[in-house]
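Here are a few short exercises to work through with the structure open. Try each task first, then check the steps below it.

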Amino acid sequence: MNRPGTIAAIVALLIGLLVGFLWWGTGTQQLEKQLVEARAATQAVQRQLEAAQTEARQAGEKVKAVEERLAAVEADLARERAQRARQAGKGKK
């Protein structure tokens, strides 16, 4: 090859390498951006899960309190029925 052809080939090779490097860097930046978005989405889902667990725990506590209240009311009702049955039995004798 002659000298100008060699120089042109080297310049073309350097330009090709530079364009390839820049193109490769662009792909890497896009992947990094996607990674950041995925991490943010994961954190958002995790916060939603924690909130749902907290709500479920609170709902469970409320249900337990209502069940305890219901048991107390049922016990009062049973005592009241027993007392009325005794009073009704006394009146019939």
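**Exercise 1: a surface patch**

Which residues make the nonpolar surface patch of about 350 Å²?

Before you start: this is a predicted model, in which local features need pLDDT of at least 70, side-chain atom pairs count only at pLDDT 80 or more, and totals for chains, interfaces and linings use all residues. Residues are numbered from 1 along each chain as its sequence is written, and side-chain values use heavy atoms, with hydrogens and water left out.

Solution.
- Step 1. Get the rule straight: patches are made of residues with over 30% relative accessible area and no salt bridge, where like charges are joined within 9 Å and nonpolar side chains (Val, Leu, Ile, Met, Phe, Trp, Tyr) within 5 Å.
- Step 2. Read off the members: Ile7, Val11, Ile15 and Val19 make the patch.
- Step 3. Take one of them, Val11, and place it: Val11 sits in helix H1. Helices (H or I, at least four residues) and strands (E, at least two) are DSSP runs, numbered from the N terminus.
- Step 4. Check its exposure: Val11 has 41% relative accessibility, so it counts as partly exposed. The cut-offs are under 20% relative accessible area for buried and over 50% for exposed, with partly exposed in between (1.4 Å probe, protein chains only).

**Exercise 2: overall shape**

Work out whether the protein is a compact globule or more spread out than one.

Solution.
- Step 1. Count the secondary structure: the protein has one helix and zero strands.
- Step 2. Compare sizes: the radius of gyration is 40 Å, well over the 12 Å from the globule rule for 93 residues, so the protein is more spread out than a compact globule. That radius is taken over C-alpha atoms, and the rule is 2.2 Å times the number of residues to the power 0.38.
- Step 3. Look at the axes: the C-alpha trace spans about 135 × 15 × 10 Å along its principal axes.
- Step 4. Ask about burial: buried residues are 0% of the 93 residues.
- Step 5. Add the surface: the accessible area is about 8,800 Å², with 62% of it belonging to carbon and sulfur atoms. Those areas come from the Shrake-Rupley method with a 1.4 Å probe; for residues, only the protein chains shown count as cover.

**Exercise 3: distances along the helix**

Find how far Ala8 is in space from Val66 and from Ala88.

Solution.
- Step 1. Place the starting point: Ala8 lies in helix H1, which covers residues 3-92. Ala8 is partly exposed because its relative accessibility is 45%.
- Step 2. Go to Val66: it is 58 residues from Ala8 in sequence and 86 Å away in space, C-alpha to C-alpha.
- Step 3. Go on to Ala88, also found in helix H1: the separation from Ala8 is 80 residues in sequence and 118 Å between C-alpha atoms.
- Step 4. Try another pair: Ala38 and Glu74 are 36 residues apart along the chain, with 53 Å between their C-alpha atoms.

**Exercise 4: charges and pairs**

How many salt bridges does the structure hold?

Solution.
- Step 1. Tally the charges: there are 15 positive and 10 negative side chains, and the centres of the two sets are 7 Å apart. Lys and Arg count as positive, Asp and Glu as negative, while His and the chain ends are not counted. Each charge is placed at NZ of Lys, CZ of Arg, CG of Asp or CD of Glu.
- Step 2. Apply the cut-off: a salt bridge is a side-chain nitrogen of Lys or Arg within 4 Å of a carboxyl oxygen of Asp or Glu. The structure holds two.
- Step 3. Inspect Asp76 and Arg79: their closest N and O atoms are 2.0 Å apart. Both lie in helix H1, three residues apart, about one turn of the helix. Asp76 is partly exposed at 42% relative accessibility, and Arg79 is exposed at 53%.
- Step 4. Inspect Arg84 and Glu80: here the closest N and O atoms are 3.0 Å apart. Because these two are four residues apart in helix H1, about one helical turn separates them. Arg84 is exposed at 56% relative accessibility, whereas Glu80 is partly exposed at 35%.
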